[in-house]
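This report considers aromatic contacts and nonpolar packing in one protein chain. Please look over the sequence and the structure before reading on.

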Amino acid sequence: MRFNRMLLSTALVIVALVIQVSVLARLHLPGAVPDLLLLTVLGLALVYGHVGGALVGFGAGLLADLAPPADHAAGRYALVLCVIGYLAGLAKPDNGQLKSATGPMAVVVAAAIGSTLLYAGVGALVGDTAARHVGLGNLLFTATLYDLLLAPFVVPGLMALARRAENDPLAETGGSGKSADVGAGLLSSGTGLRIGSQRGGLRAKAVKARVARAGRIKGVKRL
């Protein structure tokens, strides 16, 4: 991952984790907790692709595993978000632009269900049966509902920030040449004249000036 991707991803993940732990986890909503960290991974994965999504998901999940008051085995949520980030990155459009909001919302629903099932499955392997006591069906419903309600306020903004960082002209090679071409295009389009026609007009003026000068010199010689 490039430096601007790493910097932006780290900042967004840390902010999401702080809000997740200090605000959303204390709302005491019935069932699951709105997963802002998952939505952050999804928003970045839809821009960075499957490789970037997997890396962001693993780092975000590992921070969540180590941040208090985590009471599960370290690496459990890192595995879940790594898989979810990879799969969500496969849904990245080829041109980087989404035609409608249906695609991201479908990704959010699938990710909420998949992450809940995968987290419960990994927990069952390590002996964590908390999902059975709460009720897996209730967790699936509430996790999907909360994430779907929160997604329109989070995912589009994160995708816009990620695209803006990707299109940073300072991070592109040959930026000066492109800016010169753009400047020339703006000049020609703004004046309504082409560069070639401008050069031709200057040459015609120079020829006329030479002819006039030659005529004056001949007149002086005749006198």
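Does Tyr77 count as buried or exposed? In this predicted model, Tyr77 has a relative accessibility of 12% and therefore counts as buried, the cut-off for that class being under 20%. Tyr119, with a relative accessible area of 24%, is partly exposed.

These two tyrosines form a pair, and the count of aromatic pairs comes to 1. The ring centres of Tyr77 and Tyr119 are 5.9 Å apart and the planes stand at 85°, so the arrangement is edge-to-face, given that angles over 60 degrees are assigned to that class. Because Tyr77 belongs to helix 3 and Tyr119 to helix 4, the pair ties together parts that are 42 residues apart in sequence. The ring of Tyr119 has a further partner in Arg76, which lies over its face at 3.8 Å from the ring centre.

The two residues of the pair can be set side by side:

| Residue | Helix | Relative accessible area |
|---|---|---|
| Tyr77 | helix 3 (residues 76–89) | 12% |
| Tyr119 | helix 4 (residues 102–125) | 24% |

Turning to the nonpolar packing, the largest core holds 35 residues, of which Leu37 and Leu42 touch the most other members. Helix 1 (3–22), helix 2 (36–66), helix 3, helix 4 and helix 6 (136–166) each supply at least two residues of this core, and the largest share, 14 residues, comes from helix 2. When neighbours within four places in sequence are left aside, Leu42 is in contact with Ile84, Ala88, Val107, Val108 and Ala111.

Technical notes:
Residues numbered from 1 in each chain as written. Predicted model: local features only at pLDDT ≥ 70, side-chain atom pairs only at ≥ 80, totals over all residues. Heavy atoms only, no water. Phe/Tyr/Trp six-rings, centres within 6.5 Å; stacked < 30°, edge-to-face > 60°. Helix = DSSP H or I, 4+ residues; strand = E, 2+ residues; numbered from the N terminus. Buried < 20%, exposed > 50% of the residue type's maximum accessible area, 1.4 Å probe, protein only. Lys NZ or Arg CZ within 6 Å of the ring centre and 35° of its normal. Core = buried A, V, L, I, M, F, W, Y, C linked by side-chain atoms within 4.5 Å. Contact = heavy atoms within 4.5 Å.
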